[in-house]
Amino acid sequence: MSDRELGVPLHHGDIAPGDERADRTEIVHGIRGYLVGLGLSVLATVVAFLLPGTSLVWQPSIPAALIVLAIAQMGVHIVFFLHITTRPDSANNVMALAFGVFVVFVLIVGSVWIMTHLNQNMMPMERLMQMQR
Amino acid sequence: MSIQGTDFAIAGGAVADVPAPVHAERSLASRRIVTAFGFWVFLLTDVVMFSAFFATYVVLENMTADGPRGVDVFNIPVVALETGYLLASSFTCGIASLGARARNNLMYYGGMVATFVLGAAFVLQEFSDFSGLVAQGAGPSRSAFLSGYFALVGCHGLHVTMGLLFLLTMIAQVFAKGYRPDILRRVLCFALFWHTLDIIWVGIFTVVYLLGVVR
């Protein structure tokens, strides 16, 4: 489907996000891809939900482990569900994704960084209240 | 969609009397690629908007105004159930996209209906979570933390609700008009939308629920 529209063969330079290169084994291959994606993301989810309640791992490492698991799971979803891969024909999709990730990173890390410093440098709330009286 | 690439290459070659640039043919993409890429860029801007809600939530997380904290009000087994609904719906949505491409009615309609049922179960569960929180006095006006929480998770819930309407529209359009290329482009956009919402939910259950319980 991706390289044919209205029966006209199109060039092989690009691929739509969400599409996969397909051949005759399209459906079997596609279902297998979605099953692998589902399996990996269920695995990451189950581990993530078990982590907060377990005493098997070093407790201070749990927040970092949860964030790593979430990023890994997002990667699984992007590759197996959205089909944004490192193949050359998906380069435009990856570039757009990279810019999006960059903006998200700047927004979240920048906000948290600035607000943490603001909180640390601000007068404690009780003293602020006293001065206002 | 005509074979524009070929036309362009021939015209260019005739006028300048030099071989057309090799990349001229490759530089024209099909409408399926252009449409899906445009929708992908829209989805990325939607993700940027969500990241602003995430940043707001993380900044406000500890400002509970002596009200309940996350660990007091979050019900992790219910969140796990909601996550299961969304993960399963991402899989059935994938089956539906395969069915649309293969023009297989059973896979397409079956996948879409299963996706709708799972998505609706998610929305209903989330709605009952929210009304439970409001009933126990932990509504969005209780503290800055709860305002941020309802804004972020509620925004995702609204997106899923819109996605369900999108889904019903796509079932109706394929039913009425068949697997036409323009309809298939919309089905592709719906699948992109649905999978992206699932990625945002991964961020929510990690940052809001699991990290909120660990701290």
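Aromatic pairs come to 18 over all chains of this predicted model. Take Tyr34(A) and Phe81(A): their ring centres are 6.0 Å apart and their planes sit at 20 degrees, so the pair counts as stacked, given that the cut-off for stacking is under 30 degrees. This contact ties together distant parts of the chain, as Tyr34(A) belongs to helix α1 (residues 26-50) of chain A and Phe81(A) to helix α2 of chain A, 47 residues apart.

Now for the largest pocket, with a volume of about 1,000 Å³. Its lining is made of 33 residues, and those nearest the centre are Ile71(A), Met74(A), Val104(A), Ile108(A) and Gly203(B). Which helices supply at least two residues of the lining each? From chain A there are α2 (62-81) and α3 (91-121), and from chain B α3 (31-60) and α8 (181-214).

One of those pocket helices, α8(B), also packs with α7 (residues 144-177) of chain B, at an angle of about 160 degrees and with the axes 10 Å apart. Since angles over 145 degrees count that way, α7(B) is roughly antiparallel to α8(B). The crossing of α7(B) past α8(B) is left-handed.

Here's how the pocket lining and the helix contact break down by residue class:

| Group | Nonpolar | Polar | Charged |
|---|---|---|---|
| Lining of the largest pocket | 24 residues | 7 residues | 2 residues |
| Contact of α7(B) with α8(B) | 21 residues | 4 residues | 2 residues |

Terms used. Residues numbered from 1 in each chain as written. Chains lettered and ligands numbered in written order. Predicted model: local features only at pLDDT ≥ 70, side-chain atom pairs only at ≥ 80, totals over all residues. Heavy atoms only, no water. 1 Å grid on protein atoms, 1.4 Å probe; cavity = no way out; pocket = protein on both sides within 12 Å on 5 of 7 lines; lining within 4 Å. Points joined across faces, edges and corners; volume = space filled by probe spheres on them. Helix = DSSP H or I, 4+ residues; strand = E, 2+ residues; numbered from the N terminus. Nonpolar A, V, L, I, M, F, W, Y, C, P; charged D, E, K, R; others polar. Axes fitted to C-alpha atoms, helices over the stretch in contact; angles between N-to-C directions. Parallel < 35°, antiparallel > 145°, perpendicular 65-115°, else oblique. Left-handed = near helix turned anticlockwise from the far one by under 90°. Phe/Tyr/Trp six-rings, centres within 6.5 Å; stacked < 30°, edge-to-face > 60°.
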